[in-house]
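Colleague: I should like to go through the charged side-chain contacts with you. Please show the sequence and the structure before we begin.

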Amino acid sequence: MNRTEPLVLGIESSCDETGVGIVRGDKLLTNTVSSSMDEHVRFGGVIPEIASRAHLDAFVPTLQQALDEAGVTLAEVDAIAVTSGPGLAGALMVGVCAAKALAVATGKPLYAINHLVAHVGVGVLDGGALPDNLGALLVSGGHTEILRVKSLTGDVQLLGSTIDDAAGEAYDKVARILGLGYPGGPAIDKLARQGNPKAIRFPRGLTQPKYMGSAEEPGPHRYDWSFSGLKTAVARCVEAYEAAGEELPVADIAASFQEAVVDVITAKAVLACTEHGITNLLLGGGVAANSRLRELTRQRCEAKGISLRVPPISLCTDNGAMVAALGAQVVMAGAEPSGITFAPDPSMPVTSVHL
């Protein structure tokens with residue numbers, strides 16, 4: 001197997017995107033994604049069983065399209081990488097089983113990859129090798145985390161995470177309250193530009209002293225987030241306007257809600273960076289497409305002398321290229337294949353880069 005510039009095929013199926021990506025070393029050859037999002041719209045969120053069935057339908061066509069776009073054959077592939085967790089159990093199972101079948105049929109080595117670390121690993125496809133003193137802020141529909149990355153292939157530490165809703169999940173729930181439909185992120189981001197972000201002061205969860213503590217004596221949730229109370233506050237605000245018979249200032253509510261989310265996310269992420277000597281930050285995940293999040297993260301990083309890297313939106317959302325990218329790094333680091341006896345882990349910890 002070529003461990004210098006391996007040709008790696010990556011498979012992603014942790015939620016509602018069926019992704020197949022192919023990389024050669026740190027060069028992207030193709031990033032092919034089939035999304036089942038349209039099938040979930042009428043439910044206002046991802047339905048695991050529907051997502052799993054959609055993966056079954058989409059996998060073979062997506063694989064064939066990726067191979068055609070990259071101009072390679074399965075015989076030429078050096079290794080296969082697949083998301084083994086975290087994610088939806090049934091959705092993960094489809095991708096893992098498909099990857100195992102390919103590995104057995106072709107005799108190629110198989111690597112089980114961590115979905116969250118793959119969001120960091122995708123950075124090598126846009127800007128080359130990742131810098132030292134690296135942190136990662138991952139914000140998506142299912143995850144909101146701040147990571148410290150000492151070694152992309154072997155030493156990743158979780159500094160903070162949401163204790164309830166992920167940021168993207170909060171966007172979807174608030175969008176439903178405001179009648180904006182699903183997915184909520186793009187709708188709220190667009191509407192917020194017409195509103196006043198200071199119109200309503202919504203709560204910033206886990207920012208009280210008892211949770212924050214100090215740098216010397218950190219509180220229990222110094223770098224963690226909570227968005228469930230914010231969602232409830234928006235619901236109570238809407239109820240108050242309706243009870244008073246007043247017109248709902250939807251744009252102002254959307255802007256104020258969004259400001260509360262991005263304010264607390266960026267404040268805690270930058271705090272974690274400064275207190276852990278992190279001088280380079282990568283912003284990833286689907287919510288990295290949010291214009292206000294990108295803007296405020298950049299402003300606060302610049303103020304603290306932190307270099308910020310944001311991959312293209314197509315590489316921030318769930319995709320197979322990020323799995324292939326991390327898989328290639330793992331191969332080049334000399335790691336042994338995972339074999340075919342591993343099971344997908346919906347709660348796979350970020351400290352397990354690969355199995």
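Colleague: How many salt bridges does a search of the whole structure find?

Modeller: This is a predicted model, and the contacts are judged from its atoms. A pair counts when a side-chain nitrogen of Lys or Arg lies within 4 Å of a carboxyl oxygen of Asp or Glu. Over the whole structure, the search gives a total of twelve.

Colleague: Is D189, which pairs with R193, buried or exposed?

Modeller: D189 and R193 form a salt bridge whose closest N and O atoms are 3.5 Å apart. R193 has a relative accessibility of 60% and counts as exposed. For D189 the relative accessible area is 6%, and buried means under 20%; D189 is therefore buried.

Colleague: Which helix holds both R292 and E295?

Modeller: R292 forms a salt bridge with E295, with 3.0 Å between the closest N and O atoms. E295 is partly exposed, at 40% relative accessible area. The two residues lie three apart, about one turn of the helix, and both belong to helix 10 (residues 291-303).

Colleague: What is the N to O distance in the salt bridge between K27 and D26?

Modeller: K27 is partly exposed, with a relative accessible area of 49%. D26 is also partly exposed, at 28%. Their side chains meet in a salt bridge with an N to O distance of 3.0 Å.

Colleague: Which residues are linked with D165 in a network of salt bridges?

Modeller: Here the salt bridges join into a network. Besides D165, its members are E169, K173 and K231.

Definitions and conventions:
Residues numbered from 1 in each chain as written. Predicted model: local features only at pLDDT ≥ 70, side-chain atom pairs only at ≥ 80, totals over all residues. Heavy atoms only, no water. Buried < 20%, exposed > 50% of the residue type's maximum accessible area, 1.4 Å probe, protein only. Helix = DSSP H or I, 4+ residues; strand = E, 2+ residues; numbered from the N terminus.
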